[in-house]
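Please open the model in your viewer and keep the selection panel at hand. The tour below goes from one selection to the next along a domain interface.

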Amino acid sequence: MDDLIDFDRAHVWHPYAPMDSPATPLLVASAAGNRLTLADGREPIDAMSSWWAAIHGYRHPRLDAALHRQADSMSHVMFGGLTHEPAIELARRLLDLAPAGLDKVFFADSGSVSVEVALKMALQLQRGNGHPGRTQLLTLRGGYHGDTFGAMSVCDPVGGMHQMFTDVLAEQVFLPRPPAGFDADLEPWVAEAQAVVDALDDTVAAVIVEPVLQGAGGMRVYPPAVLRWLRDQCDAHGWLLILDEIATGFARTGEMFGADHAGISPDIMCVGKALTGGYLTLAAVLCTADVAAGIDASESGALMHGPTYMANPLACAVAAASLDVLTESDWRRDIARINTALATGLAPARELGGVADVRTLGAVGVIQLDHPIEVAAASAVALEHGVWIRPFRDLIYTMPPYISTDEDLATITGALVAAARRPR
Ligand SMILES: *Cc1c(COP(=O)(O)O)cnc(C)c1O
């Protein structure tokens, strides 16, 4: 075990971590249900669902079976000129679930790549429609859309990676941070946003936002009415509305998609993360028939994208099984139950010194501090309480697997409150 960790520390990068990091990663031996089994025998609950993904927990019998069955017939074939049942069946399920009007599916290999594809779709469509000057994107401050260069250009310009990459990132247009809270008053924000929109030349191709919940940009909840306002602006100006549902998709916020809170449909939608139930990397970009037709009418005559592992059959088969498990469950009731448990369990954090806000939406619970958190120390406190968390910036948060019982949720919220209580 020490050999493995020593090699990891010497040679293996981890996300957003220095190569020569003072923190030692925990060695995971296996995982089942909502628990990780660490090499030292501890079995914490994974309150992160492996970053929004493992919604049904690990080693789910139906997902395991789908993966094994697919491996026995074909693990991968190229998607250029060939097709297969796992991709077709997954596309059928996605279009069934998605907001009305979405009709075409592009399979990508990660969330960030799906965002790149969505941006490319928007730019190609505007060219196809005779607007080659529409090359900019309009987005909200406080967003997060991934780590590739196009995606980085629409991440929050302050909290994201803009400062470091100012010279290489495309220059986009930012609307103010949306009002905080699901039921917040919209008026002051609309006035500011309208001023930005009114000052624009005809350079915008599309609006891209995470609906209702901004995730890695700050775990902020905002009113669905913002989405309706953006939809109206898009219709009025000939912009496309791209919804990045990579974190919010598949019931996490209490509706199947974030868009459903607002009763709107995007022109383009990205899904990823929970798509495969946390088993394999896969994302998808959905778009309307109009968008697809416009892209075909652009000078290249086709959408110019095609990843090597496009529509990987193993990932598609397990994703189809994951969507079946989800749609056959009473997910609305499950998410409401989790929301109640998170809201109740996190409430005591409101009384703690150093806590700025406590909020929940669907199966997401957040304690925001008024100071930056010490990630390693806070994680260690949670681990002593039997829970794996990964705080960032000033945020201690959870998005547990949907299979978590009320008892698990009490353990999770207890651990989060304990981590927030830790003296600075
Ligand atoms: C995680 C995330 C991405 C990036 O997905 P990756 O699979 O990590 O590339 C993009 N947008 C949102 C909203 C996300 O939460």
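Between domain 1 and domain 2, 15 residue pairs are in polar contact, both residues at pLDDT 80 or more, where a polar contact is a pair of N or O atoms within 3.5 Å, one able to donate a hydrogen and the other to accept it, and residues adjacent in sequence count only if both atoms are side-chain atoms. To display the two parts, select 1–56 + 330–421 as domain 1 and 74–328 as domain 2, bounds that come from an automatic or database domain assignment. This is a predicted model, in which local features need pLDDT of at least 70 and side-chain atom pairs count only at pLDDT 80 or more, while totals for chains, interfaces and linings use all residues. Residues are numbered from 1 along each chain as its sequence is written, and side-chain values use heavy atoms, with hydrogens and water left out.

Next, select E255 and R332, whose side chains meet in a salt bridge at 3.2 Å, N to O; the rule (a side-chain nitrogen of Lys or Arg within 4 Å of a carboxyl oxygen of Asp or Glu) finds one salt bridge across the interface of domain 1 and domain 2.

Then widen the selection to the contact residues, 25 in domain 1 and 29 in domain 2, contact meaning heavy atoms within 4.5 Å. About 2300 Å² is buried between the domains, 62% of it from carbon and sulfur atoms, buried area being the accessible area (1.4 Å probe) that two parts lose on being put together, summed over both. Finally, select W52, W331 and L361, which lose the most area to domain 2 within domain 1, together 33% of what that side buries.
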